[in-house]
Amino acid sequence: MSDDRRYDADPHDTGYAGELSGALHTLAAEHQSAPPVPGAEIRRLAVRRGRRLRTTVVVAGIAAAAALAVTLTAGLRHDSGSVRRTTPATGPGLHPSPSLTPTSTATPVVADALVDLTRMTMTVDGRALPVSSGVPEQPTPTGRFTVFGKYRIRPLSTGNGTGGSGAGGAEELKAPWVIELLSADRKKTTLILALTYDPKAPGRSPTTGGWIGLREADAKWLYTRLDKGSVVLVTGRTPTVGASPSALS
Amino acid sequence: MTEDEFDAFYAAAFPRLTGQLYAFTGDHGEAQDVVQEAFVRAWHRRRDFLADGAPEAWVRTVAMRLAVSRWRRARRWLELVRRIPPPEFVPGPDLEHAALVTALRTLPEAQRMAVVLHHLCDLSVEQVASETGAPVGTVKARLARGRAALARVLAPGEGEREGDRVR
């Protein structure tokens, strides 16, 4: 039974490994539990979530949620950007869904943070943070991203995006509170970072080399809010207002 | 997958998955919660989930991730509020299993996940590596360390577990 669990790393304790497997299997078998609700209820929750843009529905609160759905449907619409984080996002390694393939009922917005490049804001937990995105020559990529790395401080020269042209000399820059993002199709990356070198840009003008810049306090706060696997949705277009006049793409 | 097929899959896989997630989280309610949530997501995104060809593994992966970040948040919150490590494990009737669960909870998360996926969910080292996004060598090291740590708690290689208190 333990044959296929052996590997060359430590041949001396495969006996123990087999025993551990046995103990774990027994443990798991003894703690199985029957489904507390029928499959139909699960499907109903899933559909409801799609329709209601994923507000927080805990199973225990189904009844309350149903009542809320009736009364608040309209009021919830603007809330879609500030999806509360009851449950974490599925991470990038999860045999990912490269394209957004929502159910047929609605287009769910399942994100922990929503970045609107047009309005230069990021909405997280109901807070709107001003952002500064990439200059038109190096626009911040859009789409669905997952957090795959976090750094309290990170040199920008090694990143993708070849330097903040708004700041110049990115080779020498280090940014604090850096969150690395990877797109759902794994082809694009970008960073969320504290724009310490240009604290007035967020909310006013696009200045970065394709990143999402925040004010330092906001970046620090966000750093505690997003974990690896969190989903960040980037929408909108880099505004041309305030950008360098030569590049109205 | 039709609704009936999903329901049947759910009914069959739910118990198995809660058992596995219990081994990972050491908390029964938590295991149920995350597995249920994973199934909700499975139906919600059933196209992805079917494209994968291994629906149960898909659900397990989602549930594990949910458990990881829930656990992280709970731990952070506890550290903030109480400045002590995670909640006490309440031992069940079975001392040996209580010891195993307690021992598992002392493992770093990455090791615990590797141990559970490999030794309980029967994934190969390579599969664990792809599941957790870590290199094969790292997974092997995590397994070795995890097992060594568990061996210190559970009487290793004795083979007489019946009625014998483990250390």
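Me: Which residue in the hairpin of β1(A) and β2(A) takes a positive phi near 60 degrees?

Reply: Met120(A) does, in a hairpin with 4 residues between its strands. The model is predicted, so local features need pLDDT of at least 70 and side-chain atom pairs count only at pLDDT 80 or more, while totals for chains, interfaces and linings use all residues. Residues are numbered from 1 along each chain as its sequence is written, chains are lettered from A and ligands numbered from 1 in the order in which they are written, and side-chain values use heavy atoms, without hydrogens and water.

Me: What makes the phi of Met120(A) worth a remark?

Reply: Its value is positive in a residue other than glycine. Most residues other than glycine have a negative phi. Met120(A) sits in the loop between β1 and β2 of chain A.

Me: Why is Met120(A) called buried?

Reply: Buried means under 20% relative accessible area, exposed over 50%, and partly exposed in between, with a 1.4 Å probe and protein chains only. Met120(A) has 10% relative accessibility, so it counts as buried.

Me: Where is Trp177(A) found, and what is its phi?

Reply: Trp177(A) belongs to strand β5 of chain A. Its phi is near 55 degrees, again a positive value in a residue other than glycine. With a relative accessible area of 13%, Trp177(A) is also buried.

Me: What makes residues 113-116 of chain A a strand, β1?

Reply: Strands are DSSP runs of E with at least two residues, helices are runs of H or I with at least four, and both are numbered from the N terminus. Residues 113-116 form strand β1 of chain A. Ala113(A) and Val115(A) point one way from it, Leu114(A) and Asp116(A) the other way, and all are buried.

Me: How do you know that β1(A) pairs with β8(A)?

Reply: Two strands pair if DSSP finds at least two bridges between them. There are 4 bridges between β1(A) and β8(A) (residues 231-235), so the criterion is met. The two strands run parallel, and the bridge partner of Asp116(A) is Thr235(A). On β2(A) (residues 121-124), 3 bridges join an antiparallel neighbour, β1(A); there Val115(A) has Met122(A) as its partner.

Me: What makes the sheet of chain A a barrel?

Reply: Its 8 strands close in the order β1-β2-β3-β7-β6-β5-β4-β8, with mixed pairing. Neighbouring strands are turned by 35 degrees against each other on average, direction ignored; axes are lines fitted to C-alpha atoms, for helices over the stretch in contact, and angles run from 0 to 180 degrees between N-to-C directions. An antiparallel pair in this barrel is β2(A) and β3(A), with 4 bridges. β5(A) and β6(A) also pair in the antiparallel sense over 4 bridges, Leu181(A) being matched with Thr190(A). By contrast, β6(A) and β7(A) are parallel and share 3 bridges.

Me: Why is β6(A) described as mostly covered?

Reply: In β6(A), 5 of its 6 residues are buried.

Me: How do you know that the buried residues of α7(B) line one face?

Reply: In this helix (residues 125-132), Val125(B), Val128(B), Ala129(B) and Glu131(B) are buried. Seen down the axis, the buried residues fall within an arc of 165 degrees, so they line one face of the helix. The arc is taken over the directions from the helix axis to the C-beta atoms.

Me: Which residues touch the most other members of the largest nonpolar core?

Reply: They are Leu24(A), Leu21(B), Phe39(B) and Val59(B), in a core of 59 residues. Such a core is a set of buried Ala, Val, Leu, Ile, Met, Phe, Trp, Tyr and Cys residues joined through side-chain atoms within 4.5 Å. Helix α1 of chain B (residues 3-25) gives the most to this core, with 10 residues. A second, separate core has 24 residues, including Leu129(A) and Tyr223(A).

Me: What is the pLDDT over residues 82-93 of chain B?

Reply: It stays under 50 there, on a scale from 0 to 100 that gives the predictor's confidence in each residue. The pLDDT is also below 50 over residues 156-167 of chain B. Where pLDDT is low, the predicted coordinates should not be read in detail. Chain B averages 79, and 74% of the residues score at least 70.

How values were computed: Contact = heavy atoms within 4.5 Å.
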